[in-house]
Amino acid sequence: MKTIKSVFFVQRRAFSATNVNGFVKQYSTDASAFAQENVSQNSTSSTSSPITTEMESDSPITAYKKRIALGQLQQDDYQMTVVERLQSLYNKIDSYEPPSGTVNWISKTFGFGAKNVENKPKGLYLHGHVGTGKTMLMDMFYQHCKVRRKQRVHFHKFMLDVHKRVHILKQSVPRQYNVRKTQSFDPIPPVAKEISNEAWLLCFDEFQVTDIADAVILKKLFTELFNCGVVVVATSNRPPDDLYKNGLQRGNFVPFIGELKKNCDVVSLNTGVDYRMNTLPAEGKIYFLTGDGKAEEKIDEIFQALIAEQEEQVIGSRVLDVLGRKVLLPETCGAILKTDFDFMCKQARGAIDYLEISKEFHTVILENIPKMTLFNKTEARRFITLVDTFYDNKVRLVCSAAAKPKDLFGAGDISQKNYDDNRNLMDDLGIQEKSDLAQSSIFTGEEELFAFERTVSRLTEMQTEEYWNLRSSVENSGS
């Protein structure tokens, strides 16, 4: 297979990939990857890098026009109107300072510090389909803002950090009691204050809400952040009214939408043009080695990116009915299943289970595939069946594994337990150890070893862009 050089975007993340025989050698999610890899909006290369052609002192609109002049971006009149909105915010925050110090009863009573909050510029909430340039524009705005206390972060990671801060704060503050009632400590205000002290300009990529734990605290959290003078710029695939759509107890979440609209102007970026064309992670790396220490983090990033690409964005469990048998899938989101090897291959599963899963999910994230030997041939057989079934039904597969596909399964040294099991089975069947029947694949694992060669080939093909596009072709044809 020829070597393919591809550079592309998945939401915020930039992937730089050299794909050799279906495997990718590099994977980048660094915040500066856009500039470093010299990626243009429509994935065409240029001899000049944004880093060398743009000055830090440039305003967003100046930087945008420079990129067009250099051929790094295409002229897009609608996109220019959004850049003008970002430029307007850039001008406003240049002279803005959030309130400082603790807001005590005196300041609340007499309004000290309220003026700055009232004069706080409204942020921007950019929403639109994938590939319209939302993240590129926000990153350009963030790069050229002269604000010292600023942070650009994936929204999912931001909320994980919030929950971590809340947990630490709760652990450090003992529950207080008085004679009449128990006073529970509310950690949200001090956490919001802590965040605002670190950064008052927050730029969120992929603003989406899928977790009820996030949904229940968002209004309180962002009300406190906005009261602290925080300005928010965010990108999302969904307009605010569609956030947490069909989510559990959504009624408790809805007030947050009003708070968001009150503090951010909502701007649509649906131009009908997809500059990224193919944004699925198959063009980058979708097979990770658990030994590198970052496999779990990278898998989670891809999971969040895939969620953002679909209508259903609420993570939850689902029960499949397989010939009257209930199979509980703990972590699903729309047509995406996230699971692990133990659940799929160590438990009693068969082709019918994998077939039903392939009907319900177009993408499966399978974590922690171990190296297998004849000692694990039952699990290996199930894994072979899983790959065959997913391959036949064009299911997209994202994996983390202990080794490359070709090294996942081998004969290995037979254990004493495996030897004893084989001897007991031979005795039950009346087979002599030195006979020809003793060389049957049921004892030697020859069938599994042979079949696994096909599995390696299929796993390799399943990493390619061509394979990932097959599922879309099948769904569009209605077959």
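Colleague: Which residues of H9 meet H10?

Modeller: On the H9 side they are Ile 188, Pro 189, Ala 192 and Ile 195, and they meet Ile 217, Lys 220, Leu 221, Glu 224 and Leu 225 in H10. Contact here means heavy atoms within 4.5 Å. This is a predicted model, where local features need pLDDT of at least 70, side-chain atom pairs count only at pLDDT 80 or more, and totals for chains, interfaces and linings use all residues. Residues are numbered from 1 along each chain as its sequence is written, and side-chain values use heavy atoms, leaving out hydrogens and water.

Colleague: How does the contact of H9 with H10 divide into nonpolar, polar and charged?

Modeller: Seven are nonpolar, two are charged and there are no polar ones.

Colleague: At what angle do H9 and H10 pack?

Modeller: About 50°, with the axes of H9 (residues 188–198) and H10 (residues 212–227) 9 Å apart. H9 and H10 are therefore oblique to each other, a word for angles outside under 35 degrees (roughly parallel), over 145 (roughly antiparallel) and 65 to 115 (roughly perpendicular).

Colleague: And how do H8 and H9 cross?

Modeller: At roughly 125°, and the axes of H8 (residues 155–172) and H9 come within 10 Å. That makes H8 oblique to H9. From H8, Phe 158, Val 162, Arg 165, Val 166 and Leu 169 take part; H9 brings Ile 188, Pro 190, Val 191, Glu 194, Ile 195 and Glu 198. Eight of the residues in this H8 contact with H9 are nonpolar, three are charged and none is polar.

Colleague: Switching topic, how much of the chain is buried?

Modeller: 49% of its 479 residues, with buried meaning under 20% relative accessible area (1.4 Å probe, protein chains only).

Terms used. Buried means under 20% relative accessible area, exposed over 50%, partly exposed in between (1.4 Å probe, protein chains only). Axes are lines fitted to C-alpha atoms, for helices over the stretch in contact, and angles run from 0 to 180 degrees between N-to-C directions. Helices (H or I, at least four residues) and strands (E, at least two) are DSSP runs, numbered from the N terminus. Ala, Val, Leu, Ile, Met, Phe, Trp, Tyr, Cys and Pro count as nonpolar, Asp, Glu, Lys and Arg as charged, and the others, Gly among them, as polar.
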